[in-house]
Every structure is written in C-alpha cells, then in structure tokens.
Amino acid sequence: CIIFRPTTLFGTPPLGTRSNPVFDLILKAKQAQPAKLVRDLTVNFGYVEDMCNALLKLICDNESSGEYNFGGPNNLSRYKLGCEIYRFFGVNEKLLEPCLMDDFNPNVKRPLDTSFDCRRFDEKFNLKRTSILDYLALL
C-alpha cells in the first residue's frame, strides 16, 4: 500500500475547476485588490506538477508500498505568500492586511504549523520541489 499525503496544492487550474490560494492571490495581485490574509498559520504549498511527476515515478518504478508527505520547499503563511506574490508583480504589499486564525472564530483549534516534513519524499524522488517564486517565474 502506498500512502501519498499532499499538502495544499497550487498551479494553474483548468477552466471550470476549483482554484487554489496561490492562483487566487495572483489574480488579486494583477488587479491590485486588497486581501485579508492569515499570518500565524503556515503550510508548505506544493506545486501540483511536482506531485504528478512523483506519482508517475512511483508507477513507473512499480512501487507497492511506502508513505510519502508532499509539499513545497518553503513554509509560508498566507500573508507571507501574498507578500511574495504582490512583490513579484510590483504591487503594493500594504494592500494585504494580516490577521490571525482566531479572527475567524474557528470551531476547531488546529496547529498553526501544518507544514509537512518531506525528507522521505526528497530522498526517494530526487526532484527539486518548486517554490512559489520559481512558479511565478514560469508564468
């Protein structure tokens, strides 16, 4: 049995499909729109094409077992993510308002660091995980 756990994924969504935080912030930045973003919850956003390449390698190598966490190379809050994207597009970061998870009165408490340890993934796949800035440079 193979267990493959992806974190929050990003990439360019096909038309008519669900978006993702990175793409949503790119659209907001291109329109210089304000956004309220959480600054105390972090995750390592993973590029969907990196995940697909890893899954393809598992299939081609006839792997039958293993547990793999998948995420990007950097742990970022949504606020820091927004700052990177707005800075990349030359948009004033003051349009981004930082807030806390508790501002949303969550029903369930969750850990503030939800990033994954991806060392096993890195050892197995020897793939460079795409950072947000590397992805933005591809656009």
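How many salt bridges does a search of the whole structure find? The search of this predicted model finds 8 salt bridges. Three of these pairs are described here, followed by the cysteines.

Side chains of opposite charge can pair when their charged atoms come close. One of the salt bridges joins Arg5 and Glu67. Their side chains meet at 3.6 Å, N to O. That distance counts because a salt bridge needs the nitrogen within 4 Å of the carboxyl oxygen. Arg5 lies in strand β1, which covers residues 2-6. Glu67 lies in strand β6, which covers residues 66-70. The two residues are 62 residues apart, and the pair links distant parts of the chain. Are these two side chains buried or exposed, or in between? Arg5 is partly exposed, at 33% relative accessibility. Glu67 is also partly exposed, with a relative accessible area of 38%.

A second salt bridge forms between Asp117 and Arg119. Here the closest N and O atoms are 2.4 Å apart. Asp117 is partly exposed, at 41% relative accessibility. Its partner Arg119 counts as exposed, with a relative accessible area of 57%.

A third salt bridge brings together Arg129 and Asp122. The N to O distance is 2.9 Å. Arg129 is buried, with a relative accessible area of 15%. Buried means under 20%, so the value for Arg129 falls in that class. Asp122 is partly exposed, at 29%. This salt bridge therefore pairs a buried arginine with a partly exposed aspartate.

The cysteines were examined next. How many disulfides does the count come to? The count comes to 0 disulfides. Cys60 is in no disulfide. For Cys60, the nearest cysteine sulfur belongs to Cys52 and is 13 Å away. A disulfide requires two cysteine sulfur atoms within 2.5 Å, so the sulfurs of Cys60 and Cys52 do not qualify. Cys60 is exposed, with a relative accessible area of 56%.

Why does Cys83 form no bond with Cys99? The sulfur of Cys83 is 12 Å from the one in Cys99, and that is too far for a bond. Cys99 holds the closest cysteine sulfur to that of Cys83. Where Cys60 is exposed, Cys83 is buried, at 6% relative accessibility.

Notes. Residues numbered from 1 in each chain as written. Predicted model: local features only at pLDDT ≥ 70, side-chain atom pairs only at ≥ 80, totals over all residues. Heavy atoms only, no water. Buried < 20%, exposed > 50% of the residue type's maximum accessible area, 1.4 Å probe, protein only. Helix = DSSP H or I, 4+ residues; strand = E, 2+ residues; numbered from the N terminus.
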